[in-house]
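Student: I should like to work through this model by question and answer, with each answer reasoned to a value or a name.

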Amino acid sequence: MTASESTDVLVIGSGFGGAITAYHLAAGGARVTVLERGPWLEADDFDHDFKFGSSTTRAFEFTIGDGMSTLGGNCVGGGSVVYFAAMPRAPRFIFERQGSLGHRLWPSAINRDVLDPWYDRVAEALPVTLGDWNTATYAGGLWAAACNAAGHTANPLPAAVDDELCTNCNWMMSGCKFDAKRSLLLNYLPAAIAAGAEIRPLHEVQEISRLEDGSYRVSWNRVHDVDYRMVLESGTIDAKIVVVAAGAPATPVILQRSEKNLGTMPHGVGRYFSGNGERLNTALLDEDKVRELLGLSTAEELPYASNQIGKGPTVASWDYLDGSRPEFERYSLEQLYFPPGLGTILAQVPDATGPTWFGAEKKKLVEQWRSWLTIFIMSEDDNEGVFGAPPAVGSADRISQQMLGFGTLKYRPTENTWRGWNLADASIKKILERDGLARVMPWTNDVVGAYTVHPLASCRIGDDPATSALDDRHELRGHPGIFVTDGSAVPTGLTVNPAMTIAALAERAVPGIVKALQERGVDVRYGAPGPAGETSGRRGTAKVAAALAR
C-alpha cells in the first residue's frame, strides 16, 4: 500500500478487551476498525478433532517461554471462542493484594464494590447464569461429592453457557458447534458490526508509531489462512486512538517493538506478568470407590469412566478463598476437563517407579484417561514474569504453520508462588485420596515449564508509575491516546477464572476512551445499551460512567 487508511479508533485484538470497546465506541458514533491476528471461525467451522488444520490448531496460540508457557485464543472472538466460559467475579481480597512489592497493586480507584456494576453489565450482555446441580457435569458432581466426603464445600460455577443448547460434548475448547457457549461471536461482535465497526481477520499488528498531529499509525501484516508464517500483504492504518487488546502474551511485545517509534515505554510494559497462579492435578480414579462414593450402580463390566462427558468446569471448591488467610495461601480448586493432547503429555504417573511423565507406566496411565479427574488450581503468584526483547515479527517465533511458537517470556516461580501451589496440591491430594478414591499427581513443569491458560498483568493498571504501565483508566503512561484493555491490564492473579474481570474492566475503560476521542474532535457519545438492547446494566453504571468521562 502506498497510502495509509484512516479511522477514528484502531482496536488490536477481538477478545473481551477488543470486542467490548469496539462495540461501545462504534455504537457511540466513532469509526472503528478491529485488526485480529487469527482467522474468523463460526459454528460450522468448529471441528471435533485435533488434527492439523482443524479449528483447534487454527484458533489456539501455544507459546513456549522460558519457565512459563501460555495457551490462548487466536481468532475473531479471541479467548471467548476457546475458553471454558466459567465467569466468577474476583474475590474482594484480591483488590487489596500487595504481593512482594509491599504496596497495593490495584489502583485505589478500583475495588470489588466499584467493579460490581460493570460485572453486572457483562453478566447481562453475554449473558452469565449461575449453574446448579442439575446442570453440573458428571465430573463436577464427582468433585463435589469428594469435597463433601472430606468435609469441604463445593459450588456450581456461574457460566456463559446456554444449557438448553449444550450437548455436553466437551469440545468447547475447540469452539462450540452448537452456539451453546456464549462467546463474543454471539453478542458484542455482531453488535459492533451492526453499529458500523469493521473487523479484519488474519491481520497481525507489528508496531505503532506517532504522527505529527498526535494521532497514531499502526503497521500490520496480513497472514496466510493456513500458514501464519506467510505474509501476503502489509499496510498501515492511521487512528486518533489505539486500543491494544492483543492478549497478555502479545500486547507487551507490540509495545516493546514500538518503543523505537514512540519513545520510552513505561517500566511496567512486559514486566510483572502473572500466570494467574495456575497449576493442574490429575487424579486416577478407582471406579469401585467412585461407585461407593456416589451410591450408584452400573453394569459390572462397565465402569463410570466418564471424564470425557460434559462441558469443562462446572463445580469449584472455594473454601480456601478466605480473605483472612495469608497472601499466597488462597486458591480455588476447580473441576476441569482438559482434552487429550497437552494434558496427556504433562500428566504425571502417581507413585511411579520410573519416569513420571513418559515411559511404560505413563502409557498405562494414558490408556485410563476416561477415569481421570482433573483439578485446576488458581492461586496467588508473585507477578514474576518478564518479557525479553521482542522477536522480529509477531509476538513469538513460530515453529509451525499454526499454533506453536517460542516466546520471550521468562518466569521463575518465587517461594511465594510455590507456597500456594504446594498447599493447593496437598489440599487436592487430601480430598481425592481419602478412602482410596484416587491417586493424585500434579502436572509436570519439566516439559514446557509452568503453564497458564489465563495470562495476565504484563501491562497492568495501577497507581505507582514505577510498577504499572497504565493509569487507572487504562491509558498508557506517557503515550496519550493509547489504551490497553485486555488481560495484560489486570494487575494481579485473581484466584478464579479471569474472563469476567477482564470484561468488566474493559466496560469500565470505555467512558475514558470516549472522552479522549471527544478531545480529539470525534463526535462520539457513551451510553449504548447492551449488545441485544439490554438497559438495566447501563442504568447501573450511568453515574460512575459520567464521572469516568469527565
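Student: Which residue just after H1 takes a positive phi, and what is its value?
Tutor: The structure is a predicted model. Helix H1 covers residues 16-27. Just after this helix, the residue with a positive phi is Gly 29, at about 115°.

Student: How many of the 12 residues of H1 are buried?
Tutor: Burial here requires under 20% relative accessible area. Among the residues of H1 that meet this criterion are Phe 16, Ile 20, Tyr 23, His 24 and Leu 25. The helix is mostly covered, and the count of buried residues is 11 of 12.

Student: What distance does H1 reach from its first C-alpha to its last?
Tutor: H1 has 12 residues, and a rise of 1.5 Å a residue gives an expected span of 16 Å. The value in the model is close to this expectation, at 16 Å.

Student: Is Ser 55 buried or exposed?
Tutor: Ser 55 belongs to helix H2, residues 55-59. Its relative accessibility is 1%, and the limit for burial is under 20%. Ser 55 therefore counts as buried.

Student: Which peptide bond is cis, with omega near -10°?
Tutor: In general, most peptide bonds are trans. The loop between helix H4 (112-125) and strand E5 (129-130) contains Pro 127. The cis bond with omega near -10° leads into this proline, from Leu 126 to Pro 127.

Student: Is Tyr 272, with its positive phi, buried or exposed?
Tutor: Most residues other than glycine have a negative phi. Tyr 272 has a phi near 65° and is found in strand E12, residues 271-273. Its relative accessibility is 15%, so Tyr 272 counts as buried.

Student: Where does His 474 lie?
Tutor: His 474 is not a glycine, yet has a positive phi of about 75°. At 1% relative accessibility, His 474 counts as buried. Its place is the loop between strand E21 (450-452) and strand E22 (482-484).

Student: Why is strand E9 described as largely enclosed by the rest of the structure?
Tutor: Strand E9 spans residues 203-210 and has eight residues. The description follows from the burial count, because the number of buried residues in E9 is six of the eight.

Student: Which residue of E10 stands opposite Val 205?
Tutor: E9 and E10 run antiparallel and are joined by seven bridges. The two strands form a hairpin with five residues between them, and Gly 214 in the turn has a positive phi of about 90°. Opposite Val 205, the residue in E10 is Trp 220.

Student: Which residues lie closest to the centre of the second largest pocket?
Tutor: The second largest pocket holds about 170 Å³ of space. Strand E10 (216-223) and strand E18 (397-398) each supply at least two residues of its lining. By class, the lining has six nonpolar, three polar and six charged residues. Of the 15 lining residues, the closest to the centre are Glu 204, Val 393, Gly 394, Ala 396 and Arg 398.

Student: What is the volume of the second largest cavity, and which residues are closest to its centre?
Tutor: Six cavities of 30 Å³ or more are found in the whole structure. The second largest has a volume of about 140 Å³. Its lining comprises eight nonpolar, four polar and three charged residues. The closest to the centre of this cavity are Gly 131, Leu 157, Ala 159, Asp 163 and Lys 311.

Student: Which strands stand at the edges of the open sheet of six strands?
Tutor: The strand order is E6-E14-E15-E16-E13-E20, with antiparallel pairing. An edge strand has a single partner strand, so one of its sides is left without a neighbour in the sheet. The strands in this position are E6 (155-156) and E20 (438-442).

Student: What is the bridge partner of Arg 279 in E16?
Tutor: Strand E13 (residues 278-285) and strand E16 (residues 372-378) run antiparallel, joined by seven bridges. In E16, the partner of Arg 279 is Ile 377.

Student: How far apart are the end C-alpha atoms of residues 452-506?
Tutor: UniProt, in an unreviewed entry, lists this span as "domain: Glucose-methanol-choline oxidoreductase C-terminal". The span is 15% helix and 7% strand. Its end C-alpha atoms are separated by 21 Å.

Methods
Residues numbered from 1 in each chain as written. Predicted model: local features only at pLDDT ≥ 70, side-chain atom pairs only at ≥ 80, totals over all residues. Heavy atoms only, no water. Pairing = 2+ DSSP bridges. Helix = DSSP H or I, 4+ residues; strand = E, 2+ residues; numbered from the N terminus. 1 Å grid on protein atoms, 1.4 Å probe; cavity = no way out; pocket = protein on both sides within 12 Å on 5 of 7 lines; lining within 4 Å. Points joined across faces, edges and corners; volume = space filled by probe spheres on them. Nonpolar A, V, L, I, M, F, W, Y, C, P; charged D, E, K, R; others polar. UniProt positions renumbered as here; feature names shortened; annotations may be inferred. Expected span 1.5 Å × (residues − 1). Buried < 20%, exposed > 50% of the residue type's maximum accessible area, 1.4 Å probe, protein only.
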